[in-house]
Amino acid sequence: MKAKYCKESRVIRTSRAFPNDVNNHNTLFGGRLMSHLDQVASTSAARHSRRECVTASTDSVDFLHPVRPTDSVCFESYVTWTGTSSVEVFVKIIAEDLKSSECKIAAIALLTFVALDQHKRQTSVPQVIPETEEERKLHETAPERTRMRKERKQKSKELAAFLTLNYPWEQYSL
């Protein structure tokens, strides 16, 4: 399978932050931002693998600067690293004040997807070739993130095995 450049999976999506997208602080709802970033990231994963991809984890979302109704919001995503069937996608969210043209990185995120074949089984994906300084940095630091992701998933499985499956309302008597 031939390796692909990060730029081959790049997705750019720009939208406005409208009044119905904001919370009581007059900033973009975090959940709205997360929905958009999952959409662009999944497109990058599918573009890289040319397969159906499912979200395996949202590894991190760091909110760095609020997005206001006077801003446009640009989502840029691309594949930074791949395993056998897993695809790590980086998303950079840039807020631009449409009146002053000032831009700030509003958030960054890393998500992991798994590529599936026509039978919904995991399938191999091409390796990735970074070119820019940003792409190289993300690619070089990916093995450590992968190790941490596996540890976190194992701990989540252990916690899930401990948790009850009872409905919350069945646990309490009034």
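Read from one end of the sequence to the other, the protein follows the pattern β-β-α-β-β-β-β-β-α-α-α. The model is predicted, and the exercises below work through its overall build, one helix, one pocket and several loop residues.

**Exercise 1. Overall build**

Task: State how many helices and strands the protein has, and describe its extent, its burial and the range of its contacts.

Solution. The secondary structure comes to four helices and seven strands, arranged along the chain as β-β-α-β-β-β-β-β-α-α-α. Turning to extent, the C-alpha atoms fill a box of roughly 60 × 50 × 30 Å when the principal axes are used. For burial, the count runs over 174 residues, of which buried residues make up 40%. As for range, among contacts with a separation of 6 or more, 73% join residues 24 or more positions apart.

**Exercise 2. The geometry and the faces of helix H3**

Task: Check the span of helix H3 (residues 142-162) against the expected rise, then determine where its buried residues lie around the axis and what covers them.

Solution. Begin with the length: H3 has 21 residues, and at 1.5 Å a residue it should span 30 Å. The expected span is taken as 1.5 Å times one less than the number of residues. The end C-alpha atoms of H3 are 30 Å apart, which agrees with that expectation.

Next, list the buried positions, which in H3 are Ala142, Arg145, Thr146 and Arg149. Seen down the axis of H3, these buried residues fall within an arc of 95°, so they line one face of the helix. The face turned away from that buried side carries the exposed residues Lys150, Lys155, Ala161 and Phe162.

Finally, identify the cover: what lies over the buried residues of H3 includes the strands S3 (52-63), S4 (71-82), S5 (86-97) and S6 (103-116), together with helix H2 (133-140).

**Exercise 3. The largest pocket**

Task: Give the volume of the largest pocket, name the residues closest to its centre, and work out which elements supply its lining and what the chemical character of that lining is.

Solution. The largest pocket has a volume of about 360 Å³. It is lined by 13 residues, and those closest to its centre are Ala56, Thr112, Arg149, Lys150 and Lys153. Going on to the elements, S3, S6 and H3 each supply at least two residues of the lining, and H3 gives the most, with five residues. By character, the lining divides into three nonpolar, six polar and four charged residues. The helix of the previous exercise returns here, since Arg149, buried in H3, and Lys150, exposed on the opposite face of H3, are both among the residues closest to the pocket centre.

**Exercise 4. Positive phi outside glycine**

Task: Locate Arg50 and Lys120, give the phi of each, and decide whether each is buried or exposed.

Solution. As background, most residues other than glycine have a negative phi. Arg50 has a positive phi of about 55° although it is not a glycine, and its position is in the loop between helix H1 (30-49) and S3. With a relative accessible area of 61%, Arg50 is exposed, the cut-off for that class being over 50%.

Lys120 likewise has a positive phi, of about 65°, without being a glycine, and it sits in the loop between S6 and strand S7 (128-129). Its relative accessible area is 51%, so Lys120 also counts as exposed.

**Exercise 5. Sequence separation and spatial separation**

Task: For Leu98, Gln122 and Ile129, set a separation along the chain beside a distance in space, and name contacts beyond the sequence neighbours.

Solution. Leu98, in the loop between S5 and S6, is partly exposed at 40% relative accessible area. Leu98 and Val73 are 25 residues apart in sequence and 10.0 Å apart between C-alpha atoms. Leaving aside neighbours within four places, Leu98 is in contact with Arg16, Thr70, Asp71 and Ser72.

Gln122, in the loop between S6 and S7, is exposed at 57%. Its C-alpha atom is separated by 10.0 Å from that of Val54, 68 residues away along the chain. Beyond neighbours within four places, Gln122 is in contact with Ser85, Val114, Ala115 and Leu116.

Ile129 belongs to strand S7 and is partly exposed, at 29%. The C-alpha atoms of Ile129 and Phe162 are 33 residues apart along the chain and separated by 41 Å. With neighbours within four places set aside, the contacts of Ile129 are Ala3, Lys4, Tyr5 and Cys6.

Conventions: Residues are numbered from 1 along each chain as its sequence is written. This is a predicted model: local features need pLDDT of at least 70, side-chain atom pairs count only at pLDDT 80 or more; totals for chains, interfaces and linings use all residues. Side-chain values use heavy atoms; hydrogens and water are left out. Buried means under 20% relative accessible area, exposed over 50%, partly exposed in between (1.4 Å probe, protein chains only). The arc is that of the directions from the helix axis to the C-beta atoms. Contact means heavy atoms within 4.5 Å. On a 1 Å grid over the protein atoms alone, a cavity is a set of points where a 1.4 Å probe fits but cannot get out, and a pocket is an open set with protein on both sides within 12 Å along at least five of seven lines; lining residues have an atom within 4 Å of a point. Grid points are joined across faces, edges and corners, and a volume is the space filled by probe spheres set on the points. Ala, Val, Leu, Ile, Met, Phe, Trp, Tyr, Cys and Pro count as nonpolar, Asp, Glu, Lys and Arg as charged, and the others, Gly among them, as polar.
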